[in-house]
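Here is a look at how some helices pack in this chain and where empty space is left inside it. Have the model open and follow along.

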Amino acid sequence: MTTDQPQVLIDGLQYCNWSREIFQQMRQGGLTAVHATVGYHEGFRETVRHLVDWRTRFRDNEDLILLARDSADIERARATNRTAIFLGLQNPMPIEDDIGLIEMLFDLGIRFMQLTYNNQSLLGCGWMEKEDSGITRMGREAIADMNRLGMIIDLSHAGERTALEAIALSQKPVVISHANPRWLCDSNRNVSRTVMQALREKQGLLGLSLYPLHLQQGSETTLRQFGEMASAAAEIMGAEQLGIGSDLCQDQPDSIVRWMREGRWTRQAIRGASFPAQPSWFRSNLDFPKLSEGLLSAGFGKVETSLVLGNAWHRFIVTSLLNVA
């Protein structure tokens with residue numbers, strides 16, 4: 001990695017209440033690319049409706065954003081002073097029980113898909129289940145098909161066994177787009193040393209989350225503490241396999257976090273289903289460049305800081321989405 005590599009800023013996961021103002025903030029914050037969540041518990045038809053809405057956003061804001069299908073679109077966005085938007089799913093619900101829908105969604109622009117959300121899915125087990133059953137028969141088929149197509153496998157929200165099995169089964173590197181070291185914030189939603197080491201060995205990537213419930217001091221976590229957390233992660237992953245997946249949910253109402261957690265699978269309201277306050281140093285895409293302060297204060301060099309803020313994601317996308325358009 002040379003010191004003169006052009007800097008890119010990439011956020012590996014957001015689910016905002018999308019608006020022109022937010023897209024303008026992406027440009028003002030210098031975001032080169034963003035992985036945007038399309039849906040959670042929606043089936044195929046509802047997901048296609050969301051994709052129609054995204055096409056409208058791209059048309060109405062074509063001076064600010066563009067649909068990204070591969071790494072060439074990152075370069076196209078940079079050349080035209082826009083932000084490349086990669087679309088992804090935080091749950092495999094949109095493929096229902098039909099393996100063929102993976103390719104249909106890929107053709108419609110989906111480039112990331114989580115194998116699970118919080119619960120057991122047809123592909124694997126989410127982190128909130130008491131027993132982690134690992135990757136299912138359909139999950140093995142889905143992993144193989146995603147590898148064939150070039151759709152990126154995301155293991156955020158997966159249980160420990162499910163994550164380890166998926167890393168081992170995939171013929172291509174996978175990501176955990178938004179999570180933090182578990183020993184710094186004791187939640188099974190975060191990832192263990194074992195998972196991080198497995199991810200590292202298979203050339204995968206970890207995106208550090210800025211969502212308060214994933215941080216060691218919640219909303220009160222300081223920018224310096226973020227940097228220290230990144231430093232701890234880098235001891236295992238190396239800066240070249242570490243990025244940001246902020247999990248920014250800007251302007252979303254609390255009804256959305258209830259949808260994320262409750263979907264249609266339960267009639268019981270889940271306690272605490274509201275968005276926590278963001279840390280003061282990261283409330284919108286305008287704040288993304290500030291993250292360099294936390295990294296530098298924790299001992300990262302300029303090249304390592306550039307890797308974490310986007311160059312590592314860029315290299316991963318170049319490799320993963322090579323010749324898939």
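Which residues in α6 meet which residues in α7? On the α6 side they are E160, A163, L164 and I167, and on the α7 side T194, V195, A198 and L199. Keep in mind that this is a predicted model.

## The chain as a whole

Let's step back for a moment. The secondary structure comes to eleven helices and nine strands. Along the principal axes, the C-alpha atoms fill a box of roughly 45 × 45 × 40 Å.

How does the radius of gyration fit with a compact globule? For 325 residues, such a globule would have a value near 20 Å, and the chain has 18 Å, which agrees.

## α7 and its two partners

Back to the helices from the opening question. Helix α6 covers residues 160-169, and its axis comes within 10 Å of the α7 axis, crossing at roughly 10°. Angles under 35 degrees count as roughly parallel, so that is the label for α6 and α7. Sorted by class, the residues of this contact are six nonpolar, one polar and one charged.

Helix α7 (residues 193-201) also packs with helix α8 (residues 223-237). Here the angle is about 55° and the axes are 9 Å apart, so the two helices are oblique to each other. From α7 come R193, M196, Q197, L199 and R200, which meet A233, I236 and M237 of α8. That contact divides into five nonpolar, one polar and two charged residues. L199 is worth a click: it is listed in the contact with α6 and again in the contact with α8.

## α3 against α11

Another pair to find is helix α3 (residues 71-79) with α11. Their axes come within 8 Å and cross at roughly 130°, so this pair is oblique too. S71, I74 and E75 of α3 make the contact with H314, I317 and V318 of α11. By class, that is three nonpolar, two polar and one charged.

## Enclosed space

How many cavities of 30 Å³ or more does a search of the whole structure find? There are two. The largest holds about 60 Å³ of space. Its lining is made up of N147, G150, M151, I152, I153, S170, K172, P173, V174 and S320, which by class gives five nonpolar, four polar and one charged residues.

The second largest cavity holds about 30 Å³. Around this space sit I10, D11, G12, A33, V34, H35, F86, F112, W313 and I317. The elements giving two or more residues to the lining are β1 (10-14), β2 (33-39) and α11 (302-320). The lining divides into seven nonpolar, two polar and one charged. You've met I317 already, as part of the α11 side of the contact with α3; here I317 lines the second largest cavity.

## The largest pocket

Now for open space. The largest pocket has about 360 Å³ of it. Which of the 19 lining residues are the closest to its centre? They are W127, Y211, L213, H214 and R261, so start there if you want to centre your view. The whole lining comes to ten nonpolar, six polar and three charged residues.

Definitions and conventions:
Residues are numbered from 1 along each chain as its sequence is written. This is a predicted model: local features need pLDDT of at least 70, side-chain atom pairs count only at pLDDT 80 or more; totals for chains, interfaces and linings use all residues. Side-chain values use heavy atoms; hydrogens and water are left out. Axes are lines fitted to C-alpha atoms, for helices over the stretch in contact, and angles run from 0 to 180 degrees between N-to-C directions. Helices (H or I, at least four residues) and strands (E, at least two) are DSSP runs, numbered from the N terminus. Angles under 35 degrees count as roughly parallel, over 145 as roughly antiparallel, 65 to 115 as roughly perpendicular and the rest as oblique. Contact means heavy atoms within 4.5 Å. Ala, Val, Leu, Ile, Met, Phe, Trp, Tyr, Cys and Pro count as nonpolar, Asp, Glu, Lys and Arg as charged, and the others, Gly among them, as polar. On a 1 Å grid over the protein atoms alone, a cavity is a set of points where a 1.4 Å probe fits but cannot get out, and a pocket is an open set with protein on both sides within 12 Å along at least five of seven lines; lining residues have an atom within 4 Å of a point. Grid points are joined across faces, edges and corners, and a volume is the space filled by probe spheres set on the points. The radius of gyration is taken over C-alpha atoms; the globule rule is 2.2 Å times the number of residues to the power 0.38.
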